[in-house]
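Colleague: I am new to this structure and would love a close look at one part of it. Could you pick a single residue, tell me how it sits in its surroundings, and then lead me outward from there?

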Amino acid sequence: MGSVAVTDLAQRTDHDIAIADPRVEDARALLRRLGRPEQVYRLDVSDDTRLVEVMAGHDLVLNTTLMRYTLAVTDAAIAARVHLVDLGSYYDDTLAQLERNAAAEEAGCRIVPGCGVAPGLTNVLAALGAGDLDHVTGVRMYSYITHPMYTSPGIVVTRFDASTGRSVILRDGSLVERPSFGDHETIEFAEPYGAQQVHLVPHPEVVTLPRYLDGVRDVVFKVGYPAEENNRIATLLSLGFDSDEPFDVDGHSISPRRFAAAYIGRRGLAPTERSANVKKVLVDGVAGGLDTTVRYDFAVENSGRSASATITGTVAAIAADMVTAPSAPGVRAPESALDPNDFLDRLAERGLEVSASKATE
């Protein structure tokens, strides 16, 4: 995702770009291929002091690390007084980011959390749909992702995190906790994807949209995978592979989660293996006195690599470029910080079109 974002920014903007990463030779090679100066910092993101040092002196940081580092990177950006865009966290860490609004304002930082495809594009589409209604009452967001967990180690970690613990929905104006990987239902996605089973995941759109869309009383986000992927996740969870508690093997201490990520994720996608990331956003409300639903459909496909990497990195690059424009400091979710029409125009320039329709009752 980070490589996709860097490529987009290098090819479509005149921003000076530096990469901070432990893999400095890979970072230099990427910038060299893009014809950009090889500005690279060796960085372990868990080193808080070094993180602030590297950030200082730059205008904006695009954080494409794992979600577990979101809060640390947010705090470092505030300390370094730089603007920040990230790919998103689950709802609890996103709430913690929003609580840093006063600190960000004092530091003069513009911080926009959750600027991938979901959260990110989903938030922008919800705001766009709300603007097309006289009154918005609810937002329903659904995702269907076909690439399996063996795509990469990071996907294994993400699937574990998304499938355990608690998720939230907004029901009649109140946040309600529900078990993740539950509340299954069948949703009809745009062709050729059709009917797919989806379930709850701890996405943050549920806690950010009510802050910015007046009148919204119901919000839900669910994701679905192919049946064989659901079976993989359920089996690994039942065997305890999501646990971080180490066990001993021949005198070596091993974390089940880290082992699963390294072992399963090493396979990767075959060059001809297809991957799709599909989104459906429904914004419910009233227009012209009639109950109305605005529908958005969006899909990206790839062969041999994750479709999520392509769209998430691209959306993040667009958001980062937009956040460089002057605006008020503070922590604001994408539905508040990014102009929806401008955002979708930029997406369309990259050949990524969102289909929109409206139905009334």
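Modeller: Happily! Let us begin with Val85, which counts as buried because its relative accessibility is 0%, under the 20% cut-off for that word. Do keep in mind that this is a predicted model. Val85 belongs to strand 4, which covers residues 83–86. Leaving out residues up to four places away in sequence, its contacts include Leu60, Val61, Leu62 and Asn63, then Val112 and Cys115, and also Ala316, Ala319, Ala320 and Val323. For a sense of scale, Asp242 is 157 residues away from Val85 along the chain, and their C-alpha atoms are 28 Å apart.

Now for the sheet around this residue. Four strands form an open sheet in the order 3-4-5-16, and their pairing is parallel. Strand 3 (60–63) and strand 16 (330–331) are the edge strands; each has a single partner, so one side of each has no neighbour in the sheet. Strand 5, residues 110–112, pairs with strand 16 through 2 bridges, in the parallel sense. There, Ile111 has Val331 of strand 16 as its bridge partner.

From the sheet we can turn to the nonpolar interior. In soluble globular proteins, nonpolar side chains tend to be buried together. Here the largest nonpolar core contains 64 residues, and Val139, Phe343 and Leu347 have the most contacts inside it. Helix 12 (residues 307–323) supplies the largest share of this core, with 7 residues. A further core lies apart from it, with 19 residues, including Leu43, Val54, Ala80 and Ala107. Returning to Leu347, its contacts beyond four places in sequence are Leu121, Phe298, Ile311, Val315, Ile318, Leu352 and Val354.

Two other spots round off the tour. One is a helix pair: helix 7 (residues 121–131) packs against helix 9 (residues 205–212) at about 30°, with 11 Å between their axes. The two helices are therefore roughly parallel, and their crossing is right-handed. Thr122, Asn123 and Ala126 of helix 7 make this contact with Glu205, Thr208 and Leu209 of helix 9.

The other is a hairpin. Strand 7 (residues 166–171) and strand 8 (residues 174–179) run antiparallel and are joined by 6 bridges. Val168, for instance, has Glu177 in strand 8 as its bridge partner. Between the strands of this hairpin there are 2 residues, and Asp172 adopts a positive phi near 50°.

Conventions. Residues numbered from 1 in each chain as written. Predicted model: local features only at pLDDT ≥ 70, side-chain atom pairs only at ≥ 80, totals over all residues. Heavy atoms only, no water. Buried < 20%, exposed > 50% of the residue type's maximum accessible area, 1.4 Å probe, protein only. Contact = heavy atoms within 4.5 Å. Pairing = 2+ DSSP bridges. Core = buried A, V, L, I, M, F, W, Y, C linked by side-chain atoms within 4.5 Å. Axes fitted to C-alpha atoms, helices over the stretch in contact; angles between N-to-C directions. Parallel < 35°, antiparallel > 145°, perpendicular 65-115°, else oblique. Left-handed = near helix turned anticlockwise from the far one by under 90°.
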